[in-house]
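Grab a viewer and work through the exercises below. Each one sets a task and then walks through a solution.

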Amino acid sequence: MRSGLIILNVLILLATAEYVNAQEFQFSGKVIDKDTKEPLIGVKISSDVEVTLRGLTDMNGMFSIPSKFETAVFEITYNGYEAIKLELSVHDKALISLQESSYELDEVNVRGDKSNKKEMNTLPQTYIKKDELSRNSSTKLGDVVAAIDGVTFASTGSNIQLPVIHGLYGNRILVLNNGFTQGFQNWGSDHAPEVDVSGAERIRVVKGAAGVKYGPEALGGALVIENNDLNFNNKFYGDFTSSYQTNGRGYGINAAIGQGLKNFSYHIGGNYNKVGDRHAPSYNLTNTGFEEYAYQGGVKFRKGKWTAQANYSAIRQNLGILRAAIGSSGPALIKNFEAEIPTYIKEFSYAINEPNQIVTHQLAAGILTRYLENGNIELRFARQWNARREWDVRRNADLPVLDLELTTDEVQLEWNHEWNKRFSGSWGVNYFSQFNRNNPGTLVTPFIPNFRLTRISGFMLERMEVQNGRWELGVRYDFDTREVSGRTNAQQIFRDNFDFHNLTASIGYQANLNKNTTFTNNIGTGWRPPNMHELYAFGQHEARTTFGLLRYVPDSDSTISAKNVTLLNQSNVRPENSIKYTSELEWIKRKHRLNITGYSNYIRNFTFHRPIGVLSTARGPMPTFVVDQADALFLGADLTYSYSYHKNGKVTFGASYIWSRNVQRNEHLINQPPIHLHTKWTQSWQNVGPLDKLEISIRPSYTFRQFQAPRVISIRDLVEGNVSLSFNDPIFDFMAPPAGYFLVNSYVKMQKGKFSLSVEGRNILNQEYRDYLNSMRYYANDLGLNVLFSLAYKF
């Protein structure tokens with residue numbers, strides 16, 4: 001089956017390339033800094049002759065714009081540089097030099113982006129801009145990316161969100177923070193990346209197998225979080241924002257300043273947020289508040305063809321988890337699941353009690369760049385510190401049940417080059433290491449063991465420009481070694497050493513079918529070794545009990561035994577291996593824009609959590625899961641259409657659908673995103689009364705009931721022993737998927753000079769609903785109406 005998919009997809013790629021309609025003309029060239037000769041990335045090139053005559057320079061400063069005209073006048077704009085107009089001809093490859101402007105001049109409207117490196121042109125990618133990220137300083141990463149079709153989030157309540165791309169999440173979605181793999185406890189559905197969204201400049205979402213560029217954790221896609229660009233020749237600027245939200249009575253403040261001189265730039269910023277107990281439409285959600293401190297800063301120097309940059313960021317979070325999710329006995333657990341209203345409700349409070357998580361994350365990084373005649377060489381290095389402590393409802397509640405320290409080191413060396421007018425690419429090597437240790441004093445068997453992980457990788461990514469299109473080919477090799485030491489259930493020490501290695505490849509083709517239409521295809525392999533949680537998870541964590549792949553064996557009486565730990569080389573555990581084909585059609589014509597993405601993803605040894613029953617523990621009975629592996633298939637499509645009925649008005653429609661299956665056992669997978677539809681209307685006006693600008697948007701959406709869900713065995717039947725289960729029985733869930741739901745969100749922004757006031761409404765109809773991907777759906781409804789106010793001063 002796998003070989004057939006490969007042959008079919010390669011034939012589709014080749015057929016697409018053959019079928020491309022010939023495009024008569026094409027403007028092309030390169031934009032560089034007049035003094036340093038370095039390529040400028042993200043320069044906007046546009047013409048008034050035709051709306052389709054526009055583009056941005058790529059990571060090598062190159063641009064290519066299809067056209068039916070032989071000559072046209074273009075305007076070239078880039079932040080910090082003087083805008084110019086000039087006539088270009090399709091018969092010559094232009095070399096355009098831009099002169100830096102003095103920082104006293106007004107800012108150019110279109111921001112250039114030297115870090116906007118779209119390395120994988122043949123994978124679907126979407127950018128989320130600063131304006132959207134800074135709407136409210138307490139916004140979570142999952143909330144932000146969920147606005148993109150094909151992307152949503154899995155969550156544990158309102159504070160812990162994991163991005164989901166095309167049905168995959170957790171350790172399969174790489175989070176890159178300032179160019180480095182986010183070094184956090186990336187396992188389970190209750191650990192979210194500790195990222196200060198409001199401090200980011202933009203987020204790039206890659207919806208495809210990006211393992212060739214980024215490594216095994218990008219098997220399902222990547223979120224590239226880019227902080228301040230630290231542009232030179234940028235006048236002194238500042239941004240001060242205060243916010244308040246009604247749901248949880250939350251408040252926050254955010255501040256940032258920066259400046260770019262001729263050869264030096266800097267940026268510093270920080271924020272504080274505090275939110276109390278959230279509420280559903282008809283009741284309070286006790287112990288769901290959070291508190292967060294975050295700050296970041298960076299400096300950049302330039303001398304000749306060299307630049308040096310240093311960054312530091314830190315974040316501390318205290319995250320509450322719904323108290324009603326914990327049951328102290330079998331009858332209490334049954335009541336928690338079956339109650340219309342949560343069984344534990346207190347008056348509103350800002351206090352955060354057990355169960356809760358306190359996490360601190362720090363990142364210190366340096367980047368050294370040498371610009372060459374036809375590219376650059378970049379050395380990047382970083383160290384990250386991550387400390388995680390978690391408390392649970394138990395007799396020794398003052399002691400954490402989880403106390404982990406994770407140190408991550410990473411060194412990257414990358415050569416970005418242009419061989420000639422048609423060939424360009426990137427080569428790189430990467431060293432990545434992590435050391436995790438459990439701090440003593442929890443009085444429980446460590447949930448995951450101590451470990452040391454070391455990975456050495458190398459990749460090559462090459463592009464070839466052809467008439468009316470582009471080919472992209474990539475290959476990567478990873479060698480991953482691990483040392484593990486932990487304790488068994490009987491407190492005996494176990495140790496193991498093992499390694500994984502794999503070759504990953506991808507090939508893609510981007511075709512300009514005509515002046516309005518682009519068709520992109522990509523097929524790529526991916527792989528991912530099981531993470532430490534999937535291998536060694538042991539015992540109760542939050543509101544469930546979990547056993548990793550090496551921590552249990554099925555007994556002859558159809559139960560499981562978790563007394564011993566299996567060595568990896570004596571097990572049947574294997575890395576995930578995938579092959580994903582992605583096809584994207586984009587059509588732009590005057591006021592219309594249509595984007596359709598289709599994909600198929602076949603994953604061997606897909607690793608997932610499977611419910612097996614209810615287990616009694618010292619802290620009460622818990623829904624119990626084991627980590628399992630099976631071959632799985634994912635098929636899906638995303639659609640986005642927008643119509644600009646006015647220069648300041650637009651209507652957008654979007655839809656996402658995914659079909660998934662455990663093909664090895666011919667059954668449904670659990671916790672997969674249901675069908676989602678949305679539309680959005682946006683309108684802005686200039687000079688409205690005393691206001692300089694007024695913007696209004698409204699976004700209705702409908703999420704369907706998940707009809708591809710496993711069978712249901714209730715908690716009551718499991719606790720009371722009304723069913724007899726075998727380990728090899730078909731998969732089940734503890735509760736049926738919730739009903740579909742209709743939500744309406746809205747946004748209003750008023751701007752006067754350097755001040756702006758925004759009002760955002762979420763779930764403005766105060767709809768009662770439960771989200772299938774929220775693990776707290778077993779115990780309570782999701783959030784009710786929330787109105788968020790934000791007052792900002794920018795200069």
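## Exercise 1: odd backbone spots

Task: place Leu443 in the fold and decide whether Leu443 is buried or exposed.

Solution. Start with the location: Leu443 sits in the loop between S26 and strand S27 (450-466), where strands are DSSP E runs of at least two residues and helices are H or I runs of at least four, numbered from the N terminus. A quick note on ground rules: this is a predicted model, in which local features need pLDDT of at least 70, side-chain atom pairs count only at pLDDT 80 or more, and totals for chains, interfaces and linings use all residues. Residues are numbered from 1 along each chain as its sequence is written, and side-chain values use heavy atoms, with hydrogens and water left out.

Next, the backbone: phi of Leu443 is near 65°, a positive value in a residue other than glycine. Last, the surface: Leu443 counts as exposed because its relative accessibility is 62%; the cut-offs are under 20% for buried, over 50% for exposed and partly exposed in between, with a 1.4 Å probe and protein chains only.

Now try Asn605. Its phi is near 60°, again positive in a residue other than glycine. Asn605 lies in strand S36, and at 17% relative accessibility it counts as buried.

One more for the backbone: the peptide bond from Glu354 to Pro355 is cis, with omega near 0°. Look for Pro355 in the loop between helix H5 (330-338) and strand S23 (356-372).

## Exercise 2: salt bridges

Task: inspect the salt bridges of Arg380, Asp478 and Arg593, and sort the partners by burial.

Solution. First the total: the structure holds 32 salt bridges, each a side-chain nitrogen of Lys or Arg within 4 Å of a carboxyl oxygen of Asp or Glu.

- Step 1. Arg380 pairs with Glu378, and their closest N and O atoms are 2.3 Å apart. Arg380 is buried at 11% relative accessible area, and Glu378 is buried at 11% as well.
- Step 2. Asp478 pairs with Arg476, with 3.0 Å between the closest N and O atoms. Asp478 is buried at 0% relative accessibility, and Arg476 is buried at 5%.
- Step 3. Arg593 pairs with Glu586, the closest N and O atoms being 2.6 Å apart. Here Arg593 is partly exposed at 39%, and Glu586 is partly exposed at 21%.
- Step 4. For a network, pick out Arg172, Arg528, Glu534 and Glu576, which salt bridges link together.

Glu586 turns up again around Thr517. Thr517 is in strand S30 (residues 517-528) and counts as buried at 10% relative accessibility. Skipping neighbours within four places in sequence, Thr517 is in contact (heavy atoms within 4.5 Å) with Ala511, Asn512, Leu585, Glu586 and Trp587.

## Exercise 3: a nonpolar patch

Task: which strand gives the most to the nonpolar patch?

Solution. Begin with the members: Trp306, Leu368, Ile377, Leu379, Phe381, Val411, Leu413, Val429, Tyr431 and Ile456 form the patch on the surface, with about 840 Å² of accessible area together. Patch residues have over 30% relative accessible area and no salt bridge; like charges are joined within 9 Å, and nonpolar side chains (Val, Leu, Ile, Met, Phe, Trp, Tyr) within 5 Å. Areas come from the Shrake-Rupley method with a 1.4 Å probe, and for residues only the protein chains shown count as cover.

Then the strands: S24 (375-391), S25 (402-418) and S26 (423-438) each supply at least two residues. S24 gives the most, with three. As a check on one member, Tyr431 is in strand S26 and is partly exposed at 36%.

## Exercise 4: an enclosed space

Task: find what lines the second largest cavity.

Solution. There are 15 cavities of 30 Å³ or more. On a 1 Å grid over the protein atoms alone, a cavity is a set of points where a 1.4 Å probe fits but cannot get out, and lining residues have an atom within 4 Å of a point. The second largest has a volume of about 490 Å³, the space filled by probe spheres set on points joined across faces, edges and corners. Of its 32 lining residues, the closest to the centre are Tyr169, Gly188, Ser189, His609 and Asn671. Finish with S36, whose four residues are the largest share of that lining.

How values were computed. 1 Å grid on protein atoms, 1.4 Å probe; cavity = no way out; pocket = protein on both sides within 12 Å on 5 of 7 lines; lining within 4 Å.
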